[in-house]
Amino acid sequence: MVEDRTTDGTRIAQLLSSELDGREDGELAALAVTNADRDIDPTVDGVRAYDVTITGDSGDDDGDITTDNPAGERLAQVFVHPDRSHLEFTAGQDVAAEAAADAGLRVRPKATQPPRTLVFVESGAEVKRATDVVQAVVRAERADGAST
């Protein structure tokens, strides 16, 4: 039996977008895919495809999610390479790094001001693990927002 492995960066980003924007459960209900650029050509350095934004709407009867990252604020950006995608976290960088490492995803800091954390998604099979990382960041942001 031949094993198909999705390693096309554009397709990986599409799968991730579907997971993040299409699910209405848990922390994912508070997220939206925004500022999508549908006419991108992947580059070796990566080109921005879309943003992952906290909407604040938890999708449940308990009301909105309170986070340190206000509604409408970007949580991460997704970039597309020819053979992979990566998330660039602008919030919850430490949580993203730890959750990604625990999930077996390649992760590295980006020395910019403010600092960012890059989480690489190198196959379609890693999309679920990347989604778990995003959920961990939202949980941490929610916990921080609830305590302030």
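**Helix 1, the core and the pocket**

Let's start with helix 1: G9, I12, A13, L16, S17, E19 and L20 are its buried residues (buried is under 20% relative accessible area, exposed over 50%, with a 1.4 Å probe and protein chains only; helices are DSSP runs of H or I with at least four residues, strands runs of E with at least two, numbered from the N terminus). Look down the axis and these buried residues fall within an arc of 165°, so they line one face of the helix (the arc is taken over directions from the helix axis to the C-beta atoms). On the other side, S18 and G22 are exposed.

A word on the model: it is predicted, with local features needing pLDDT of at least 70 and side-chain atom pairs pLDDT 80 or more, while totals for chains, interfaces and linings use all residues. Numbering runs from 1 along each chain as its sequence is written, and side-chain values use heavy atoms, leaving out hydrogens and water.

Next, the largest nonpolar core (buried Ala, Val, Leu, Ile, Met, Phe, Trp, Tyr and Cys joined through side-chain atoms within 4.5 Å). It has 32 residues, and L31, L75, L87 and F89 touch the most other members. Helix 3 gives the largest share of this core, seven residues.

Now, which residues sit closest to the centre of the largest pocket? Of the 13 that line the pocket, they are Q14, A36, D37, R38 and Y50 (a pocket is an open set of points on a 1 Å grid over the protein atoms alone where a 1.4 Å probe fits, with protein on both sides within 12 Å along at least five of seven lines; lining residues have an atom within 4 Å of a point). Helix 1 turns up again here, with the largest share of the lining, five residues.
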